[in-house]
Amino acid sequence: MRLMTALLLALILVCQAPLDSMAEAEHLYSTWDMLEVDTVASAWLIRRFIDTQAEFRFFKKGDIITEGVAFDTPDALFQRSANQSTFESLLTTYKIADRVLLEIGEIIYDIEINYWSERLRKESEEISRQINEIIKQAERPDECLDKGFPIFDRLYKELSN
């Protein structure tokens, strides 16, 4: 009887591990480790408004993303195009109509897509400068997110007023 109980317990533990990793995989978003403003903004949008349990994994630039939901890479579902930033792609896909997020989308568009033309939004240069400074100084991609998210939190609050 003890052997049967031990086997049953072992089976439960073995089966539980994949369930735990599947639950984690549901909230996993992946991108390359060479971050840009659009990447940081998109990660912020995901964590704050799409999936509050989101975790991020980073792959070397050029590697094929093999885990989670890929974003801001050429093969990703959520990616930049000639006329839309990754951030805007997320807004469109998730049908997010929050006025402030749409304005932040305009800023990200201004930084990532409209870089050769005159800026459409006065906030674009400052946001670009702040996030690019974080990217230059950070030792790890997750550090960029940790330091970049408060900038977008403040921007959201400022544009909400």
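Modeller: A salt bridge is a side-chain nitrogen of Lys or Arg within 4 Å of a carboxyl oxygen of Asp or Glu. Keep that cut-off in hand, because this is a predicted model and every call rests on computed values.

Biologist: Then why is the meeting of Arg-140 and Glu-143 called a salt bridge?

Modeller: Their side chains come to 3.9 Å, N to O. The limit is 4 Å, so the pair counts.

Biologist: What makes Glu-143 buried or exposed?

Modeller: Glu-143 has a relative accessible area of 14%. Buried means under 20%, so Glu-143 is buried. Its partner Arg-140 has 44% and is partly exposed.

Biologist: Which residues are joined into one network by salt bridges that share partners?

Modeller: Arg-99, Glu-103, Glu-106, Arg-121, Lys-122 and Glu-123. The search of the whole structure finds 16 salt bridges.

Biologist: How do you know that Glu-36 forms a salt bridge with Arg-80?

Modeller: The closest N and O atoms are 2.4 Å apart. That is within 4 Å, so the definition is met. The pair links distant parts of the chain, 44 residues apart. Glu-36 sits in the loop between strand 1 (28-32) and helix 2 (37-50). Arg-80 sits in the loop between strand 3 (69-70) and helix 3 (86-93).

Biologist: Why are Glu-36 and Arg-80 called partly exposed?

Modeller: Glu-36 has a relative accessible area of 34%, and Arg-80 has 27%. Partly exposed runs between the 20% and 50% cut-offs, so both qualify.

Biologist: What ties helix 6 to helix 2?

Modeller: Asp-153 forms a salt bridge with Arg-48, with the closest N and O atoms 2.9 Å apart. Asp-153 lies in helix 6 (residues 141-160) and Arg-48 in helix 2, so the pair ties together parts that are 105 residues apart in sequence. Asp-153 is partly exposed at 30%, and Arg-48 is partly exposed at 34%.

Biologist: Where does Arg-47 lie, and what does Arg-47 touch?

Modeller: Arg-47 lies in helix 2. Beyond residues up to four places away in sequence, Arg-47 touches Thr-52, Ala-54, Glu-55, Phe-56 and Phe-149. Arg-47 and Phe-149 are 102 residues apart in sequence, but 9.3 Å apart in space, C-alpha to C-alpha. The relative accessibility of Arg-47 is 24%, so Arg-47 counts as partly exposed.

Biologist: What makes a set of residues a nonpolar core?

Modeller: The members are buried nonpolar residues joined through side-chain atoms within 4.5 Å. The largest nonpolar core has 34 residues. Phe-56, Ile-104 and Phe-152 touch the most other members. Helices 2, 3, 4 (99-112), 5 (124-137) and 6 each supply at least two residues of this core.

Biologist: Which residues does Ile-104 touch?

Modeller: Leaving out residues up to four places away in sequence, Ile-104 touches Trp-44, Phe-87, Phe-152, Leu-155, Tyr-156 and Leu-159. Another core, of five residues, lies apart from the largest one. Its members include Trp-32, Phe-59, Ile-65 and Ala-76.

Biologist: How much space lies in the largest pocket, and which residues line the pocket?

Modeller: About 220 Å³. The lining residues include Trp-32, Lys-61, Asp-72 and Gln-79. Glu-36 and Arg-80 line the pocket too.

Biologist: How do the residues of the lining divide?

Modeller: Into four nonpolar, four polar and four charged. Asp, Glu, Lys and Arg count as charged, so Glu-36, Lys-61, Asp-72 and Arg-80 fall in that class.

Terms used. Residues are numbered from 1 along each chain as its sequence is written. This is a predicted model: local features need pLDDT of at least 70, side-chain atom pairs count only at pLDDT 80 or more; totals for chains, interfaces and linings use all residues. Side-chain values use heavy atoms; hydrogens and water are left out. On a 1 Å grid over the protein atoms alone, a cavity is a set of points where a 1.4 Å probe fits but cannot get out, and a pocket is an open set with protein on both sides within 12 Å along at least five of seven lines; lining residues have an atom within 4 Å of a point. Grid points are joined across faces, edges and corners, and a volume is the space filled by probe spheres set on the points. Helices (H or I, at least four residues) and strands (E, at least two) are DSSP runs, numbered from the N terminus. Buried means under 20% relative accessible area, exposed over 50%, partly exposed in between (1.4 Å probe, protein chains only). Contact means heavy atoms within 4.5 Å.
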